[in-house]
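Have your viewer ready and set it to a cartoon view. We will go from the backbone to a few side chains, one selection at a time.

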Amino acid sequence: MTQRRPLIAANWKMNGSCELVQAMSDALSQIKTSNEILICPPVIFLAGFPKKSAYKLGGQNVSNENSGAFTGEISADMLSAAGASYVIVGHSERRALYGDNDAMVLAKALRAVSANLTPIICFGETLAERQQEKTFEVIAQHLDAVYAAHPELLATSVIAYEPIWAIGTGETATPEQAQAVHEFIRQHVAKYDVVESEKIRIIYGGSVNSENCTALFAKPDIDGALVGGASLKTAEFTAICLTAQD
Ligand code: PGA
């Protein structure tokens with residue numbers, strides 16, 4: 001089986017402060033883990049992070065345009081220049097609140113890759129879709145929209161499965177529920193590229209914390225986590241980073 005290096009990614013959303021930047025940087029510099037650690041703070045804090053090998057930095061969103069009259073937008077090149085090596089695209093909050101659809105998500109992912117950023121492409125079903133047993137159908141549609149036209153993205157992206165009903169709600173998917181979807185995703189993308197389907201990291205997001213992460217990370221197709229609320233507390237986030245060791 002292909003060894004996939006676990007990725008533990010913090011999504012600070014519109015939270016954080018210069019004090020948290022310093023405290024998180026210090027805390028992460030003091031732990032030893034073979035996992036890859038990533039912080040995605042609001043973009044204004046990127047440059048304030050001391051350059052350390054203990055963690056990488058990422059954006060939470062990127063423009064689908066390169067440059068020009070796009071007030072308020074930030075390009076992939078700018079993120080890269082500010083120290084980012086990853087960017088989250090298609091987070092459910094962007095999809096729900098800012099109209100990011102699959103076509104936009106694909107455009108953003110392609111921009112990211114062209115600036116040498118690794119896109120973390122997020123998908124997930126709503127509670128209604130899960131109750132109607134449409135989870136796999138919905139996930140397959142999202143995957144097809146990105147990877148059918150651009151299977152080369154499999155080698156240069158990370159997939160985040162984030163059931164919308166589990167984000168910020170305190171309600172986590174059970175490890176079995178999450179594993180079932182992760183396995184489905186891996187099998188589905190194997191249609192595009194068998195080799196890359198084994199290599200691509202599929203991380204889970206939705207109310208991950210230091211208590212529930214052990215059982216999630218024990219599942220064979222869960223390659224890490226995208227952590228929201230729990231990533232704003234240094235002790236909690238470092239505990240998750242340490243738990244995910246293989
Ligand atoms: P949560 O957020 O951990 O607070 O549920 C996860 C995310 O939205 O990426």
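Before the first stop, one term: contact means heavy atoms within 4.5 Å. What you have open is a predicted model.

**The helix over the strands.** Select residues 135-148, which make up helix 6. Add strand 5, residues 118-123, together with strand 6, and you will see helix 6 lying across both strands. The helix runs at about 150° to strand 5.

**The barrel.** Now colour the strands. How many strands form the closed barrel, and in what order? There are eight, arranged 1-2-3-4-5-6-7-8, and their pairing is parallel. Neighbouring strands of this sheet are turned by 25° against each other on average, with direction ignored.

**One strand pair.** Zoom in on residues 158-161 (strand 6) and 202-205 (strand 7). These two strands pair in the parallel sense over three bridges. Pick Ile 159 in this view: the residue standing opposite, in strand 7, is Ile 202.

**Charged side chains.** Switch on the side chains of Asp, Glu, Lys and Arg. Side chains of opposite charge can pair when their charged atoms come close. Counting pairs with a side-chain nitrogen within 4 Å of a carboxyl oxygen, the model has 14 salt bridges.

Start with Asp 221 and Arg 4, whose closest N and O atoms are 3.9 Å apart in a salt bridge. Why does this pair tie together parts far along the sequence? Asp 221 sits in the loop between helix 9 (213-217) and strand 8 (224-227), while Arg 4 belongs to the segment before strand 1 (7-11), so the joined parts are 217 residues apart in sequence. Both Asp 221 and Arg 4 are buried. Keep them selected and add Arg 186, Glu 198 and Asp 223: together with Arg 4 and Asp 221, these residues are linked in a network of salt bridges.

Next, select Glu 36 and Lys 56, which form a salt bridge at 2.8 Å, N to O. This pair links distant parts of the chain: Glu 36 is in strand 2 (residues 36-40) and Lys 56 in strand 3 (residues 56-59), 20 residues apart. Is each partner buried or exposed, given that buried means under 20% relative accessible area? Glu 36 has 7% relative accessibility and so counts as buried, whereas Lys 56, at 35%, is partly exposed.

**Last stop.** Select Asp 100 and Lys 108. Their salt bridge has its closest N and O atoms 2.9 Å apart, and both Asp 100 and Lys 108 are buried.

Note on methods:
Residues numbered from 1 in each chain as written. Predicted model: local features only at pLDDT ≥ 70, side-chain atom pairs only at ≥ 80, totals over all residues. Heavy atoms only, no water. Pairing = 2+ DSSP bridges. Helix = DSSP H or I, 4+ residues; strand = E, 2+ residues; numbered from the N terminus. Axes fitted to C-alpha atoms, helices over the stretch in contact; angles between N-to-C directions. Buried < 20%, exposed > 50% of the residue type's maximum accessible area, 1.4 Å probe, protein only.
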